[in-house]
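Hi,

Here is the structure I promised to pass on. Have a look at it first, and my notes follow below.

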Amino acid sequence: MEVDYIIVGFGLAGLAFARQLEKHNKSYVVFEDASQTSSGVAGGMYNPVILKRFTPVWEATKQLETAIPFYKKLELQFNEKYDYPLKISRILHSVEEQNNWFAACDKPNLSQYMIPKISFEEIKGIKADFGFGNLRHTGRIDIKKMLSSYRSFLKEKKQLSEEKFEYKNLELNKSHITYKGITARKIIFCEGFGVKQNPFFKELPLNGTKGELITIYAPQTDISYLVKSSVFILPLGNHYYKVGATFHWTDKSNTPTEEAKKHLVDKLNTFFIDPYEIVEQSAGIRPTVKDRRPLVGIHPKYNNIAILNGLGTRGIMIAPTVAKELYQHIENKIPLRKEICISRYLSKN
Ligand SMILES: Cc1cc2nc3c(=O)[nH]c(=O)nc-3n(C[C@H](O)[C@H](O)[C@H](O)COP(=O)(O)OP(=O)(O)OC[C@H]3O[C@@H](n4cnc5c(N)ncnc54)[C@H](O)[C@@H]3O)c2cc1C
């Protein structure tokens, strides 16, 4: 079998790169072994404002200009809904936070998203003595559904192998690579935290941050937008809500823990007063990088091997932009920006 590309890993990064290949009529196959869960469990929110400090997310406005049409096109192709525009209401905890909210609303990169007027609307089930700061142009992508549809589409076309990619079976040649009878011009590694097993890129400073979420059923609660305090409550419909997320820097397993559940429940109970039951818990490792920028580029020694990783805590907004940049770099030799290129960590020597 001969193809233009092999993609290893089909989370948000793999999907975004596959779209570039479809767009440019390149042939490809995908290997996906379900060893990582980040894209599958993610809340899927897109939000250009860091809600801890009321500061802008790196390049968010530009990324959204690419990301929103990207998800729209996928919706059209599969005739499904993935993009749910959703207001975010940040609970303010003090007069000082109210003042910080007002001050941030005037800033150039924030004013289009942050609504200056503090809302004192009563929300049943929520305690908020100092009111809410509301955000607009935010929303949620149903990643699980989108990935599942795309994987079925690839499976039907016999482009998806649901198995582990074994690095030791990869043969490198000058003009191509071969793997288990497949010859390809290029291979793109999109393994998320799985990259730690990859002999070509494992030295990159991708640290990984575990995140856990619980899903609750709250039959008396009827909130239709995301409420954010020390944790967020994200409506899934029919009185189900995702509550998250934790940040853990040393545990690198995808296994849910009692410790994280307790942490989420303790935080939730500080502002959520309706009755609820926990119906699910999930965990994943966010592919976070030391300098909080993506890891994109061609291997310094092997020009057939490339990486698309380091999407960190905001894969929804970043993935479509960096996939496009990597494709243009490989096919049209357009240089990558220094801040996303792996050359900042890997050199030819
Ligand atoms: C709890 C939590 C909440 C989050 N919330 C949000 C959010 O609200 N908004 C947002 O934008 N981002 C969020 N994120 C971050 C987001 O999930 C990531 O940025 C994004 O999913 C990373 O995508 P990826 O494709 O790089 O990695 P992954 O999703 O980890 O995908 C990598 C894929 O590669 C596969 N793989 C790895 N090694 C191999 C191999 N050797 N062979 C075959 N397959 C392999 C894995 O099985 C996996 O499917 C959240 C993450 C977590 C954990």
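Which phi does Asn25 take just after H1? Asn25 has a positive phi there, about 55°. Most residues other than glycine have a negative phi, and most peptide bonds are trans. There are some other cases like this further down.

First, the ground rules. This is a predicted model, in which local features need pLDDT of at least 70 and side-chain atom pairs count only at pLDDT 80 or more, while totals for chains, interfaces and linings use all residues. Residues are numbered from 1 along each chain as its sequence is written, and side-chain values use heavy atoms, with hydrogens and water left out.

**Overall picture**

The protein has seven helices and 21 strands; these are DSSP runs numbered from the N terminus, with helices being H or I of at least four residues and strands being E of at least two. The radius of gyration is 21 Å, which agrees with the value near 20 Å for a compact globule of 349 residues (taken over C-alpha atoms; the globule rule is 2.2 Å times the number of residues to the power 0.38). Along its principal axes, the C-alpha trace spans about 65 × 40 × 40 Å.

Of the 349 residues, 53% are buried (buried is under 20% relative accessible area, exposed over 50%, partly exposed in between, with a 1.4 Å probe and protein chains only). The accessible surface is about 16600 Å², and carbon and sulfur atoms account for 51% of that (Shrake-Rupley method, 1.4 Å probe; for residues, only the protein chains shown count as cover). If you take the contacts between residues at least 6 apart in sequence, 72% of them join residues at least 24 apart (a contact is heavy atoms within 4.5 Å).

As for charge, there are 50 positive and 37 negative side chains, and the centres of the two sets lie 5 Å apart. Lys and Arg count as positive and Asp and Glu as negative, with His and the chain ends not counted; each charge is placed at NZ of Lys, CZ of Arg, CG of Asp or CD of Glu.

**Two helices**

H1 runs over residues 12-23 and reaches 17 Å from its first C-alpha to its last, close to the expected 16 Å (the expected span is 1.5 Å times one less than the number of residues). H1 is mostly covered, with 10 of its 12 residues buried. Among them are Leu12, Leu15, Phe17, Arg19 and Gln20.

H3 covers residues 60-78, and its 19 residues reach 26 Å against an expected 27 Å. Its buried residues include Ala60, Leu64, Ala67, Phe70, Tyr71, Leu74 and Phe78. An α-helix has 3.6 residues a turn, so residues three or four places apart point the same way. The buried residues of H3 pack against H1, S3, S6, S10, H5 and H7. Right after H3 comes Asn79, which also has a positive phi, near 55°.

**Around Pro48 and Val57**

Pro48 sits in the loop between S3 and S4 and is buried, at a relative accessible area of 1%. Leaving out residues up to four places away in sequence, Pro48 touches Val57, Ala60, Leu64, Tyr113, His137 and Met317, among others. Leu110 is 62 residues from Pro48 along the chain, yet their C-alpha atoms are separated by 8.0 Å.

Val57, in the loop between S5 and H3, is buried too, at 11%. With the same sequence neighbours left out, its contacts include Asn47, Pro48, Ile50, Arg314 and Met317. From Val57 to Leu110 the C-alpha distance is 9.4 Å, with their positions 53 residues apart in sequence.

For contrast, Asn109, in the loop between H4 and S8, is partly exposed at 48%. The C-alpha atoms of Asn109 and Ser148, 39 residues apart along the chain, are 34 Å apart.

**Backbone oddities**

His239 is in the loop between S17 and S18, with a positive phi of about 70°. His239 is partly exposed, with a relative accessible area of 28%. Lys333, in the segment after H7, has a positive phi of about 55° and is exposed at 68%.

Finally, the peptide bond joining Gly244 and Ala245 is cis, with omega about -10°. Ala245 belongs to the loop between S18 and H6.

Cheers
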